[in-house]
Amino acid sequence: ELQQLMLPAKRPDNSPIHLKLELINRGFSAVKHPCTLAFVLIDPTGKVYELPAEGDPATWLPFAAGDLSFKPITYNIEYKGKLPLHLIPGKYKLGVWIADASTQMHYNYRYDIRCANGNTGWWISRDGQYGINVLTSLTISK
């Protein structure tokens, strides 16, 4: 369950950007298969730009072992770096992509993790390579 997205309102041209997404696992266990994490930008034509993110879904337990209050643990997905240089100015969708890490299933949306939030959009690329949780839109200017 996605909790909160933090991103800068504005940034100087070509300066690094910091994206941080907080989430809670409301399930019953951590993700059992290796996954990769990325924030993605989707341009108006459907081209996807991956921003590899930090985080480890294998550690995302719903609560700490032995915690009898079952207090949810908050986890982070983070990206710190520059945006791709060749982005065309315009409106982009910003999303998070949680993909199976195996080479056979990595670029197959059927194996991507869809977050439980009812108000989070789910975008599938025309070629079926990406299943992305859409978080918001961003305007990229010159």
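Start by selecting β7 (121-124) and β8 (131-140): these two strands run antiparallel and are joined by 4 bridges. Strands here are DSSP runs of E with at least two residues, helices are runs of H or I with at least four residues, and both are numbered from the N terminus. Two strands count as paired if DSSP finds at least two bridges between them. The model is predicted, so local features need pLDDT of at least 70 and side-chain atom pairs count only at pLDDT 80 or more, whereas totals for chains, interfaces and linings use all residues. Residues are numbered from 1 along each chain as its sequence is written, and side-chain values use heavy atoms, with hydrogens and water left out.

Stay on this pair and pick Trp122, whose bridge partner in β8 is Asn133. Then move to the hairpin of β7 and β8, with 6 residues between the strands, where Gly128 has a positive phi near 75°.

Next, select β3 (35-42). Of its 8 residues, 7 are buried, so β3 is largely enclosed by the rest of the structure. Buried means under 20% relative accessible area, exposed means over 50%, and partly exposed is in between, with a 1.4 Å probe and protein chains only.

Add the neighbours of β3. It runs antiparallel to β6 (90-100), with 8 bridges joining the two. β3 also pairs with β4 in the antiparallel sense, over 5 bridges. Ala38 shows both pairings: its bridge partner in β6 is Trp97, and its bridge partner in β4 is Pro52. The hairpin of β3 and β4 has 5 residues between the strands, and in it Gly46 takes a positive phi near 95°.

Now colour the largest nonpolar core. A nonpolar core is a set of buried Ala, Val, Leu, Ile, Met, Phe, Trp, Tyr and Cys residues joined through side-chain atoms within 4.5 Å. This one has 26 residues, of which Phe39, Leu41 and Ile77 touch the most other members. Two or more residues come from each of β2 (17-24), β3, β4 (48-52), β5 (74-81), β6 and β8. Another core, of 10 residues, lies apart from it; Ile42, Val48, Ile132 and Val134 are among its members. In soluble globular proteins, nonpolar side chains tend to be buried together.

Cysteines are the next selection. How many disulfides does a search of the whole structure find? The count is 0, a disulfide being a pair of cysteine sulfur atoms within 2.5 Å. Cys35 makes no such bond because its sulfur is 11 Å from the closest cysteine sulfur, in Cys115. Cys115 is likewise in no disulfide. Cys35 counts as buried because its relative accessibility is 16%, and Cys115 because its value is 13%.

From Cys115, go to the loop between β6 and β7. Two stops are His106 and Asn117. His106 is buried, with a relative accessible area of 13%. Its C-alpha lies 24 Å from that of Arg26, 80 residues away in sequence. Asn117 is buried as well, with a relative accessible area of 17%. Measure from its C-alpha to that of Val96, 21 residues away along the chain, and the separation is 13 Å.

Move on to the loop between β4 and β5. Is Ala58, in this loop, buried or partly exposed? Ala58 counts as partly exposed, because its relative accessibility is 47%. The C-alpha atoms of Ala58 and Ser15 are 43 residues apart along the chain and separated by 32 Å. Phe70 is in this loop too. Its phi is near 55°, a positive value in a residue other than glycine.

Finish at the second largest pocket, which holds about 300 Å³ of space. On a 1 Å grid over the protein atoms alone, a pocket is an open set of points with protein on both sides within 12 Å along at least five of seven lines, while a cavity is a set of points where a 1.4 Å probe fits but cannot get out; lining residues have an atom within 4 Å of a point. Grid points are joined across faces, edges and corners, and the volume is the space filled by probe spheres set on the points.

Of the 16 lining residues, select Glu1, Ile24, Asn25, Arg26 and Ile113, which lie nearest the pocket's centre. The lining divides into 10 nonpolar, 3 polar and 3 charged residues. Here Ala, Val, Leu, Ile, Met, Phe, Trp, Tyr, Cys and Pro count as nonpolar, Asp, Glu, Lys and Arg as charged, and the others, Gly among them, as polar.
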